[in-house]
Amino acid sequence: PRRAPVPAGAVARLDPGPGPRPDREEPFSPMLDEALLDDPESLARADSRGMLRALATAGARVRTAARLADEAGLATLRPDGRPRAVLVAGESTEAGHVGALLAALSGGSCPVLAVRPSAGEDTDPYWALPGWVGHLDLLLVASSGGAEQGPALLVEQAYQRGCTVVSVAPPNSPLAESTQRARGLTLPFAPPPIGDFEPPSSDVRITPTGTGHDPVFGGTWVEDVGALWALLVPLLGLADRIGLVAAPVSAVQAAANRLDETAAACGPATATYQNPAKTLAAELAESVPLLWCEGQCAEAVGRRFAACLAARAGGPALSAALPDALTLHRGLLTGPLSGGDDTEDFFRDRVEEPQSIGLRVVLLREYRPQTAASDTTPAHRLAHEHGIVISEVAASAGTRLEGMAQLIALTDFASVYLALAD
């Protein structure tokens, strides 16, 4: 039966629906099988592509990526200084998130810009560097496959202009070879640990983001949920060497430890009432999330979380930074999704009514001392005025890189749980 509306400030608890649950790939549904979340064996059966197992090994993936980067010569790199601008390119969605996370961690010390393709005359996108790029700039290319033609064209353009090139790609891939010809540096892409992915058939391909049917090549593409770390960590080491981001070996190891701790707290064996990721998934099941982010790193994580909810769970989400979110999303708080007070006929029969989907505000927060000023106070006030329920996800004390890792891991687990239990 359908529940009565949840009052503002409360935490949603959903009743499990009857019947068997599909192995994902179903359209977004507002109902969630909460009983499945508290059954590790059923979760393991539903997670046929091993996404939860891959998330649990994110810390190990970080350590492997850092080790491979050092072995590739990153530890002995002696740059001349900080570049004028850093450009980040890559065809995958995760490559775009890598650029946003680097920009957030840099804190504005150097411009970090994303290079995206434009529409060409034919069906293929057209890749081109901005006209001002030259020998004072640095091009970073991130690819989990290394076979994309667009980034390889950027490498050639950068070489012609004297722009330094660093790529993250599998060894001996076309992109790695292009980087070598351009006298750049290739940092190895750390593959998933053995056993994380067991494709059910030969027509399955692993990609950085999303899971579904490939309309072009046919077959099924399976998401590598740890690709973000395999792309980001080598570039963090490089950013530390050039003075863009403070990410020494100790900081990267601390982030890996934070990933391990978050995986233990958010793993399938931990009950929902003690598991922040399962709790968040249950709270988002009947809602359109408004992700309000406090801090630059939280803003980058929020945009990625929205993309993960769309790709994995098939549900919409809107992300914005505070305090701008209070203005950008104010119209939604008074629209048809706001719900409002359901007091006109409290005792009416709701069984035959269609299931409604309302708004829920999710506050994503970097760690800040309690004495620091916060943009979340007016956010709480605005949501309460419109009867919107709030969930809050805050990073624990530590460096910005540790807090970012914690927020990414928790939201990763939440999006996967929502996808599996939907």
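Which residue forms a salt bridge with Asp 412, and how far apart are the closest N and O atoms? The partner is Arg 312, with the closest N and O atoms 2.9 Å apart; a salt bridge here is a side-chain nitrogen of Lys or Arg within 4 Å of a carboxyl oxygen of Asp or Glu. The two residues come from distant parts of the chain, 100 residues apart: Asp 412 lies in helix 15 (residues 400–421) and Arg 312 in helix 11 (residues 296–313). Helices (H or I, at least four residues) and strands (E, at least two) are DSSP runs, numbered from the N terminus. Both Asp 412 and Arg 312 are buried, where buried means under 20% relative accessible area, exposed over 50% and partly exposed in between (1.4 Å probe, protein chains only). Asp 412 and Arg 312 also belong to a network of salt bridges that links them with Glu 94 and Arg 304.

The model is predicted, so local features need pLDDT of at least 70 and side-chain atom pairs count only at pLDDT 80 or more, while totals for chains, interfaces and linings use all residues. Residues are numbered from 1 along each chain as its sequence is written, and side-chain values use heavy atoms, with hydrogens and water left out.

Across the whole structure, 15 salt bridges are found. Another of them joins Arg 368 to Glu 294, with the closest N and O atoms 3.5 Å apart. This pair, too, links distant parts of the chain, 74 residues apart: Arg 368 sits in the loop between strand 13 (358–365) and helix 14 (376–385), and Glu 294 in strand 11 (residues 287–294). Arg 368 is partly exposed at 34% relative accessible area, whereas Glu 294 is buried at 1%. A third example stays within helix 9, where Glu 261 and Arg 258 are 3 residues apart and thus separated by about one helical turn. Their closest N and O atoms are 3.9 Å apart. Glu 261 is exposed, with a relative accessible area of 52%, but Arg 258 is buried, at 8%.

Turning to the strands, an open sheet of 5 strands shows the order 2-1-5-6-7 with parallel pairing; two strands pair if DSSP finds at least two bridges between them. Its edges are strand 2 (112–115) and strand 7 (185–188), each of which pairs on one side only. On average, neighbouring strands of this sheet are turned by 20 degrees against each other, direction ignored; axes are lines fitted to C-alpha atoms, for helices over the stretch in contact, and angles run from 0 to 180 degrees between N-to-C directions. Strand 1 (residues 86–89) meets strand 2 in the parallel sense over 4 bridges, and Val 88 stands opposite Ala 114 in strand 2.

Strand 7 also serves as a packing partner for helix 4, whose buried residues pack against it as well as against helix 3 (51–56), helix 8 (227–241) and helix 9 (249–266), contact meaning heavy atoms within 4.5 Å. Among the buried residues of helix 4 are Ala 58, Arg 61, Val 62 and Leu 68. The end C-alpha atoms of this helix of 14 residues (58–71) are 20 Å apart, in agreement with the expected span of 20 Å, which is 1.5 Å times one less than the number of residues. Helix 4 is followed by Gly 73, with a positive phi near 110 degrees.

Finally, the structure holds 0 disulfides, a disulfide being a pair of cysteine sulfur atoms within 2.5 Å. Cys 163 is buried at 5% relative accessible area, and Cys 297 is buried at 1%.
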